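Subject: Structure handover, with notes on packing and aromatic pairs

Dear colleague,

Please find below the structure I promised to pass on, followed by my notes on it. I would be glad if you read the notes with the structure open.

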Amino acid sequence: RDTVIVIDGSYSMGWDGRTGTPHAAAVRLAHQFVRDLRGGDTAMVLDAREKPHAALPGLTRDRERIRQCLDDLPAPSGTANLYDAIAKGLQVLAGGTNVQRELVVLTDQQALSWKPDDQILWSRLDDLKAQATLSPRIWVIDAAAGELGQASNFMLDQLKVSRELAVPGVPVRFSGKVRYRGGASTVARQVYVEVNGQRLADQTLRFNLSPEGEASIEFERQFDLAGSQLVSVSLDNDALPGDNRADATVVVAESLPVVLVDGDRKLDPTRSETFFARAALAAAGTDVNWIKPIVVTPDELTAEVVGQASVIVLANVASLSTETQSELERAVSSGRGLLIALGDKVPVAGYELDPDSAA
């Protein structure tokens, strides 16, 4: 027979029950299956995550290689898409050489991994199975042995930030939720706040959570130094540690460089195209300089200047070289901003898009 073994790699497979985790149980069951293989049998292993990962390049008779592959599976994390994993397994079996073909799914049967409400999805899978010359049998085994729904669990939702880009001294607001599922009584829990892996003793949050209840997490943090900052909230580990942590990243810059390209620079600076824009962006009266305006002429708009800008403003710029246009396209594609302010120097056709690239 040809067999594809699908092992659910979602974070819930890391739930620590009375006899260990469902993931460990799935690996043990898969090893038991490998021991029962006969001489002409083939097998392969699919690690079901958000995208299925083929732990082996294809069906093989090499039992030792299969065993090693099972032992090397990474710890469960994130989500799993069992539909994609089963569809990939059916495609692998379609290229098998034996008459008997089987697909074995080892999972904790968490509904999220199955997408049970998507009837169209599963109809497509039925069609894929029906198209096979030799229709495989599909087995689903509960690796959690029915224990998954019997324990309480605390979990953290995604940590949200008020701004992903900030400057030193400006507070950033963080928010999220802590949830309590299962259980029979109100429980006190602590949520710890960390910055770059260091727990903040003065920022521990305390909640009383009732069964099936939740609480909002809200706090502010300002950063003194520029750089990428990792902010995390965490819970003490419970039986399912995979949902006890949430992270968010904030990039702190000294200031945001805005390049103002003046297309009609005058000797009298008050009559230049960028005079009022620069004055507004460099306005005094605050302790924090959010923006660093840089004024250049079109000829000075080099690749180096474009590369250092967060936003580029073209103020009445008549035309751009092909090289500069390419640099600006790359800047916009990478997420930086471009504002085009037309004026009397710009010809009617100056900024017309190529119809083929307008999308």
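The helices H3 and H5 are roughly parallel to each other, because angles under 35 degrees count as roughly parallel (over 145 as roughly antiparallel, 65 to 115 as roughly perpendicular and the rest as oblique), and the angle at which H3 and H5 pack is about 10°, with their axes 10 Å apart. Axes here are lines fitted to C-alpha atoms, for helices over the stretch in contact, and the angles run from 0 to 180 degrees between N-to-C directions; helices (H or I, at least four residues) and strands (E, at least two) are DSSP runs, numbered from the N terminus.

Before going further, please note that this is a predicted model, in which local features need pLDDT of at least 70 and side-chain atom pairs count only at pLDDT 80 or more, while totals for chains, interfaces and linings use all residues. Residues are numbered from 1 along each chain as its sequence is written, and side-chain values use heavy atoms, with hydrogens and water left out.

From H3, the residues Tyr 83, Ile 86, Ala 87 and Leu 90 meet Leu 121, Trp 122, Arg 124, Leu 125, Leu 128 and Lys 129 of H5, where contact means heavy atoms within 4.5 Å. By class, this contact of H3 with H5 has eight nonpolar, no polar and two charged residues (Ala, Val, Leu, Ile, Met, Phe, Trp, Tyr, Cys and Pro count as nonpolar, Asp, Glu, Lys and Arg as charged, and the others, Gly among them, as polar).

A second helix pair, H1 and H2, packs at an angle of about 180°, with the axes 10 Å apart, and H1 and H2 are therefore roughly antiparallel to each other. Val 27, Ala 30, His 31, Val 34 and Arg 35 of H1 make this contact with Arg 63, Ile 66, Arg 67, Leu 70 and Asp 71 of H2, and the residues involved divide into five nonpolar, one polar and four charged.

The largest nonpolar core (a set of buried Ala, Val, Leu, Ile, Met, Phe, Trp, Tyr and Cys residues joined through side-chain atoms within 4.5 Å) has 38 residues, of which Val 6, Ile 7, Ile 66, Leu 70, Ile 86 and Leu 103 touch the most other members. Buried means under 20% relative accessible area, exposed over 50%, and partly exposed in between (1.4 Å probe, protein chains only). Among the elements that give two or more residues to this core are strand E1 (2-8), helix H1 (22-35) and helix H3 (82-94), and H3 gives the most, with seven residues. Apart from this core lies another, of 26 residues, including Val 172, Val 178, Val 191 and Leu 200.

As for aromatic pairs (rings of Phe, Tyr and Trp, with its six-membered ring, whose centres lie within 6.5 Å; planes under 30 degrees apart count as stacked, over 60 as edge-to-face and the rest as tilted), the count comes to five. The rings of Phe 154 and Tyr 180 have their centres 4.4 Å apart and their planes at 5°, so the pair is stacked; Phe 154 lies in strand E6 (residues 153-156) and Tyr 180 in strand E9 (residues 172-181), 26 residues apart. Both Phe 154 and Tyr 180 are buried. The rings of Phe 275 and Phe 276, with centres 5.1 Å apart and planes at 80°, form an edge-to-face pair, in which Phe 275 is partly exposed at 30% relative accessible area and Phe 276 is exposed at 63%.

With best regards
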